[in-house]
Amino acid sequence: MEGIVGYGACIPRNRIKVEEIAKVWGADAPSYKRGLMLEEKSVPSPDQDTITMSVEATKNALKRAPIDPKEIGAVYVGSESHPYAVKPSGTVLAEAIGATPEVHTADFEFACKAGTEGMYVALNLVKAGEIKYGLAVGADTSQGAPGDALEYSAAAGAAAFIFGKENVVAEAVDTYSYMTDTPDFWRREYQYYPQHGGRFTGDPAYFKHIIGAGKGIMEKAGMKPSDFNYVIFHQPNGKFPFRVGKMLGFEKKQIEPGWLVSKLGNTYSGSSPLGLTATLDISEPGDKILIVSYGSGAGSDAFIFEVTDRIKEVKDLAPRTRELLDKNRNYLEYGEYAKFRQKIKKAD
Amino acid sequence: MREVAIIGVGMTKWGELWEKSLRDIYVETALLALEDAGIDKVDSMYVGSMSSGLFVGQEHIASLLADYLGQANIPSSRIESACASGGLALRLGYLEVASGVSDVVLVGGIEKMTDVSGHEATYALGTAADQEYEGYHGMTFPGLYALIARAHMEKYGTTREQLAMVAVKNHHNGSKNPLAQFPFQITVDSVLNSVMVADPLRILDCSPITDGAAAVVLYPAEMVKKKDKPMVKITGSGHATDTIALSSRKDITWLEAVYKAAKQAYKEANKGPKDIDIIEVHDCFTIAEICVLEALGIVEKGKGGDAVEEGMTSLKGKIPVNASGGLKAKGHPVGATGVAQVVEIVKQLQGNAGERQVKKARVGLAQNMGGSGGSSVVHIFERE
C-alpha cells in the first residue's frame, strides 16, 4: 500500500521573541502570548529561502528513504513565498537532489495549504501507478506586515515527504479535500505583504473548512476521533488548533506532539506538514494519525496515515523536528530581524 | 397631537452577520415588526443609519430598503445623527403619527459594520467627531471617552473598578438576552486585565462592532382595536444637541444634550426621574453610562459610579439600567441601537422580556446618543 517512504524537516535556527516585536510597536506582549499562545517564531537567515529550506528538508527525507533520487518521478513545492514569481522552485530542488531530468515538477500555491496540495497529488500519482516515488514539500518564509498581528506569527520552515509503495513508514489510509471560495486572506501581485479579513479568518474560514474536512474524512474512512493516536491541524496561532480539535472531539494529548506553533510560529505551507514530521518522530508502529491542513481562500486537505514497523528504523536517520526546534537557537533583536526579512535595506 | 402607540417590535440576532447583506438584515427585522403589529402596509418609513456609505458603500438606503421590504413608493427617509440616528428616526416617526400626517409609520435602524476592517470601521465611526478639531489630530472615540473617564475620575473620585462594574452588570443582563452579540458574563478582573485601548479604558469597557437591525411600528393609540397585548405608548420625546467637539464644552463630564433632551421628554410625559421603572441608556463606553445617568437626573452629579457599585442599576436594583445587555453586551450597530433600546423597553413593559424581565415595570425611558454627546434623544414610554 502506498504511503510515506521518507520525511524530513528544516527549521531555521534564528528566532525572535514576541516581547521583542511587541516592544517595537508598543504592543502588549502578555496579551499576545495569552491570546494567541505564541512565545517566539523562527526567522530565515538572509541566505535562506523557500528553495534552500526545501532542499534541506528533502535531504533529511532522503536520509530516511532508501531510494535513488533518480526514481523520483514528481517534485512538488508548495509555498506562498516562492523566490521567483516566474520560474519554478521545483526545478532547483529537483536538480539539487539529482532527480532531473526525467521528472515532473510543479509549484503549488494555496496560502497555507500549498504543502498538503503537493502531498495529495504526489501520493495519488504513486497510487495510480504513474510514478514510483513522488516528492512533496511544504515550505515558506512567510511575511507579516510590520506591526500587523501576523508579524507575531509569520515564520519560516519546511517539511518534505517522499511517497511510494515500498519501504513505507506510514500508509496512507484515506484522503479528503474540502474547499469553497472564501476570501479571508490574500496578497495581490506586486504586493509585498498579505492582507487579511481580521476576525473573518476565524469561524467562516479556518474553523468551517477544518471541521468540514475533518468530519468528511472520518465519515469517509468510518473512523471517529478516539480511533486516532494523534491529530495535526494547521497552526496559525497556538489557540486555533486546540479549539478546532475540541470542536471535532479530539483531546489535547492527541494534538500536543504535533503542536509546534508556540515556539515555531506559523510556517504557512510548512505548518501542518511540520506537525506531521514531529508526530511521526514520536510515533510507534500501528499508530493512526490524522492531519488536516488549512489554506486561506479557502480549503483543507485531510489525510489519515497508519504508522508501520519501519518507523523504528528511520526516525533517527535524520534530525527529529523537535530537536531542530529546541537546539541551536539564535535569538535576534528586532533590528537584525528587520534586516534579515528585508524590512530595511542597506543603501546602495 | 394624537397619542402614539407602539404596536409592533422586531429584532433579530446581532453579531458578525457575514452571511447576510444590509438589505437582508433590514428586511428580516422589519418583517418581524410588521408581523408583530399584524400589518402589511405602511404609510411611511424612517430608517436610522449612521454611515452605510462608509460601511458598505451604499447610500440612498431609505428607498432601497422600502423597495426590498415590498413597500416601494412610500415616503421613506434615512435619518443620520451619528449613533443617535435610530433614536432620532423614532422621534420623527412619532411626530409624524402624533401630528396626524400618517397613521402607520415603520421606524427601523440598521448598521452593517463588519464588512470593513477594524481600522476602516474606526475611521467611519470617527467621522462623528469634529474632524477639524479632533479627527485630524488622531482622536478616535475611545480616546474621547477616555478623556471623559479620566476627568470624571479626577473630579468625582469615580474608580476604575466602578467603570468595570458597568460592563459586568451589562454582560450579566446580556447573558439572558438570546439576541445579544455577546451573551455571556464577565468579571471585574477580566475587565481590568483586558487589552488597553485608551487609558483608562480597556477593550471590555468598549461596545463592539456589530451587524444588526431593529424595527418598531407606530400607530395612533386611539385607533388601536386589537387588545391582545398591553398597549405601550410614547408619552414623552426629547431631542437636543451640543458641541460635537469635546474641547468646546465647559465641563467634559457633563452631557448637556442628554440633560436637555431628558428635560423635554420628562415635561411632555409629565414625569420625573423618580417615576421611571426601567431605563436603556447609550453605554457605548462604560463611562458613558455613568455620565448619562447623571444627566438624566437619575443620580446626582458625580454619583453615577456609586450607583452601579451599590447595585441600584442592576436587574434587581431600584432602577434597572440596560436590562437588554446594553450596547456593551447586546452589540452596537450604531444606526440600529436607538431603535433596539425601544424594542427592549416595549418587551419589558409588555412583560415579554423572558429571563431578564424586570418586575412591575410600567414606565420606561430610552436614551440614545451621538458621538461624545453632540446629540441625544430621550423617549419615555408607558404601559396602559
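**View 1. Lys233(B) faces Glu382(B) across a strand pair.** In this predicted model, Lys233(B) stands opposite Glu382(B), a residue of strand E11(B). Zoom out a little and you'll see strand E8 (residues 232-241) of chain B lying antiparallel to strand E11 (residues 375-383) of chain B, with nine bridges joining them.

**View 2. Here's the whole sheet in chain B, an open one made of nine strands.** Follow the strands across in the order E3-E2-E4-E7-E1-E8-E11-E10-E9, and you'll find that the pairing is mixed. Strands E3 (76-79) and E9 (278-280) of chain B each have a single partner strand, so they stand at the edges with one side lacking a neighbour in the sheet. On average, neighbouring strands are turned by 25° against each other, direction ignored. Helix H3 (residues 61-68) of chain B packs on the sheet, where it touches E3 and strand E2 (44-48) of chain B. The direction of H3 makes about 130° with that of E3(B).

**View 3. Two helices of chain B cross: H4 (residues 85-98) and H13 (residues 334-350).** Their axes come within 5 Å and cross at roughly 55°, which makes H4(B) oblique to H13(B). Among the residues that meet here are Gly86(B), Gly87(B) and Leu90(B) from H4(B), and Gly335(B), Thr337(B) and Val342(B) from H13(B). The residues of this contact divide into six nonpolar and six polar, with no charged ones.

**View 4. This is where chain A touches chain B.** Six residues of chain A are in contact with six residues of chain B. On the chain A side, you'll find two nonpolar, two polar and two charged residues.

Definitions and conventions. Residues are numbered from 1 along each chain as its sequence is written. Chains are lettered from A and ligands numbered from 1 in the order in which they are written. This is a predicted model: local features need pLDDT of at least 70, side-chain atom pairs count only at pLDDT 80 or more; totals for chains, interfaces and linings use all residues. Two strands pair if DSSP finds at least two bridges between them. Helices (H or I, at least four residues) and strands (E, at least two) are DSSP runs, numbered from the N terminus. Axes are lines fitted to C-alpha atoms, for helices over the stretch in contact, and angles run from 0 to 180 degrees between N-to-C directions. Two residues are in contact if their C-beta atoms, placed from the backbone, lie within 7 Å. Ala, Val, Leu, Ile, Met, Phe, Trp, Tyr, Cys and Pro count as nonpolar, Asp, Glu, Lys and Arg as charged, and the others, Gly among them, as polar. Angles under 35 degrees count as roughly parallel, over 145 as roughly antiparallel, 65 to 115 as roughly perpendicular and the rest as oblique.
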